[in-house]
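User: I would like a close look at one part of this complex, followed by some context on the rest of the model.

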Amino acid sequence: METEGLTMPYLIWLVVGPVWIGTLALLLPTRLSRLLVTLFRGVLFALSVWVFLGIRQTGMVEQTLGNWPVFAAITLRADFLAIDLILLTALVYALAGLYEWNRAEKDRLFLFLFISMQGLINGIFLSGDLFNLFVLLEVATLVNSVLIMFKKDSQAMYDGLIYLLVNTVSMSFFLMGTGILYKATGLLDLKLLAGQIPGHPDPSSLLLPYVFLMVAASLKSALMPLFSWLPKAHGTPSAPSAVSAVLSGIYVKSGVYLYERLQTVFSPVVDTRELFLVLGFITAVVGFILALMQKDIKLILAYHTVSQIGLIMIGLNQGSEPASFGAFYHIINHALFKSTLFLAAGLIIRRYQTRNLFEIKGVFRTMPLTGAATALAILGITGAPFFNGSVSKYWIGYGSTGSWLEYGLLLINFGTILSFTKFSTILFGPKAWPGKRKGIHTTDLLSEGVVLFMGILCLLGGVFSESLTTVLFGLPMSIGATSFPTKTLIFLLLVIAAAALYFGLLKKRAWLKSSGRFELTFNGIVASQAGFFTFLLLYVVWQAR
Amino acid sequence: MQWINGENISLVLFFIGVYGLVARRNMVKAIISLGVMQSAIILYFLSAGVSVHPVPPIGDVSTAAAVADPLPQAMMITDIVIGIGTTAVALTMVIHLYHQYGTTNWLRAKWKRKG
Amino acid sequence: MMYQDSPIIRVVIGLLNPLMLLLAIYLIFNGHSSPGGGFQGGAILATVFISHYVIYPYEDIRIRTLQFMEKILYLALVLLSVLVVIVLPVQLSLWQNQLYMTIMNILIGFKVGAGLTLIFLRFVFHEGGL
């Protein structure tokens, strides 16, 4: 796909347009701004589709700003992966924006920040050089730390401050790596670097910048041991649900995107794929174990995101194309189900006025639309047959039969099913008594409709997976007819085993009910980052010997 | 004596900043350490391409032997701006945290938050 | 305030203020052809106001006016860039480009000066609570 891309002068609009419309939204009255912003999201989606059609013809589209030569200019480059992610961003943002339509307390500042965030994420996916990535990631960190504190809950400041400081530290590592790389090669542009690095006269000088850059990418994609910031940021009570949905669905994937780009650029010189495969596996396992120990529904979802990112890392690092495409498809699927779950959780919290898992029962009867959407999303995320999660998980495990990885993947799937068995206890039970809690009794039909629509998308993504993936990636992916019965059988067995384990054994354990989250202080988080840096440096130097 | 050049000093400064983040429990010191790290990065970028007696890249430089590289300078101006923004937002949050919990110590704030 | 009115600071800042102001304006106006530009000039402009506050802490500063002015400047910035980049797609001549850059630098300089002063004043007037 490295053909000479066609120059499309409208890529910049995907990045700058949202910020301008957001500025406009600050000035107009609230109702008009809301309408304007929502309509503009539709325009962005249409624009993304247009760019996507351009990429289907030529393989890559790029735009160099200001007509400067490539090594000095800001280049925006879109290939298949980037444009798929931008389409996904446009879709999730449009739906999350519709979800937030009825929230009367959302003022224009929220609209401005939320849509600017969309422009920034588009920019991150489109960036062609490292310094542009740094600037956009830093600004995104600032905007996010304001957004997650938006409801001004009591715990908001602490979470927001840790999020801001930890991410700024990792971006400082990133910039240092960029500096050393600039000194070693004189280039910042990713495409030019990919061309220059194989023939570089002194490969050992590239090891240090590689380690700096990888530490930053690992923290942004929440790998073990650097994921402590994620549950605080995504599951914090003061974040509006749309913000949690977008953060967990898309923004954390930008870390994975960064990781993948860096690995592709540095692959002739450094090979750490096995290390990150193992790290991904450990992350996935630790993620679901920690998710099981939570009693706050949003924190379960946030820890589970960590687990799924581990799964995506496993898929990316196997080195085979089907597994990589499975991982990309899983990024899309996970965005869909996680945002559905977060948005539904937001509605449930508003209705029940509590975040405690054990106090919420009977969602199917009290809020049928939301309950149905949650059930569809849970079926999707656990990999039930006909849902999209099963397709991507099958492809991630492609070619791993017989090795330890196959059993590892089974373990991760089992863990996912187990943690969502715990989560789905909120669905069953009697109807909630409206008089006991001072909840919001009116149903918010628009938000519930949006959530149900997203849940149905999970189902459709599974049923139509072949045509969808042919359009998005050029590779038809589905579960082959021979494996289908086996996979269904395995899934049912896992569900039965998980239900038995949970209801029989674990429900009574006191240590699971307690909020057993091991929480690092800020010093601990930075120390683990420095430790990871040292470990990676030693590993890379030892391997290059 | 050639070990003492801009790049090595900036690497040392960077890790001093990281040490400050790890070992000090005061939140304001954490923000100061971030500032130290950013200064280290700026120093690294500016000293990365330095040659002997460079000329500033303004106007007509075709006659000069060595011209200073303008690209890192432009990048570092952006970086300083970002540093100011981050420091301002972080300091605002620290002030609010101080008024809320009455302490600027990470450990004590964590205990008070859990309770 | 913490310390009493210190005569040294008062005299020195009084001497330096016009020089700082001149330097700020010089940097802003020459941003397009020499090091400097809108942001740097704006930061020095903010220093002028902040140092003036240090020697004479006046409480009756009108923050609303400053905020309003900053918003207007930001709006003008965005509108001007939209106008020149989108609406006039013709290739501009050299002096037109220089004029555009100078105006943008002035707008950026004043906006940044107002913004940084606002940040400082917000910190100082923060009496407690949100």
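How many bridges join strand 2 of chain A to strand 3 of chain A, and in which direction do the two run?

Analyst: This is a predicted model, and what follows should be read in that light. Strand 2 of chain A covers residues 61-64, and strand 3 of chain A covers residues 75-78. The two strands run antiparallel and are joined by four bridges. Within this pairing, Val61(A) of strand 2 has Ala78(A) of strand 3 opposite. Val61(A) also belongs to the covered face of strand 2, together with Gln63(A). The uncovered face of strand 2 consists of Glu62(A) and Thr64(A).

Turning from the strands to the contact between chains A and B, 27 residues of chain A are in contact with 32 residues of chain B. On the chain A side, helix 5 (130-147), helix 6 (156-185) and helix 22 (522-543) are the elements that give two or more residues. Helix 6 of chain A gives the most, with 14 residues. By residue class, this side of chain A holds 17 nonpolar, eight polar and two charged residues.

As for confidence, the predictor assigns the complex an ipTM of 0.92 and a pTM of 0.87. Chain C has an average pLDDT of 81, and 87% of its residues score at least 70. Among the elements of chain C, helix 1 (residues 7-29) has the highest mean pLDDT, 90, and helix 3 (residues 63-87) has the lowest, 82.

Methods:
Residues numbered from 1 in each chain as written. Chains lettered and ligands numbered in written order. Predicted model: local features only at pLDDT ≥ 70, side-chain atom pairs only at ≥ 80, totals over all residues. pLDDT = per-residue confidence, 0-100. Buried ≥ 20, exposed ≤ 12 C-beta atoms within 10 Å, placed from the backbone. Pairing = 2+ DSSP bridges. Contact = placed C-beta atoms within 7 Å. Nonpolar A, V, L, I, M, F, W, Y, C, P; charged D, E, K, R; others polar.
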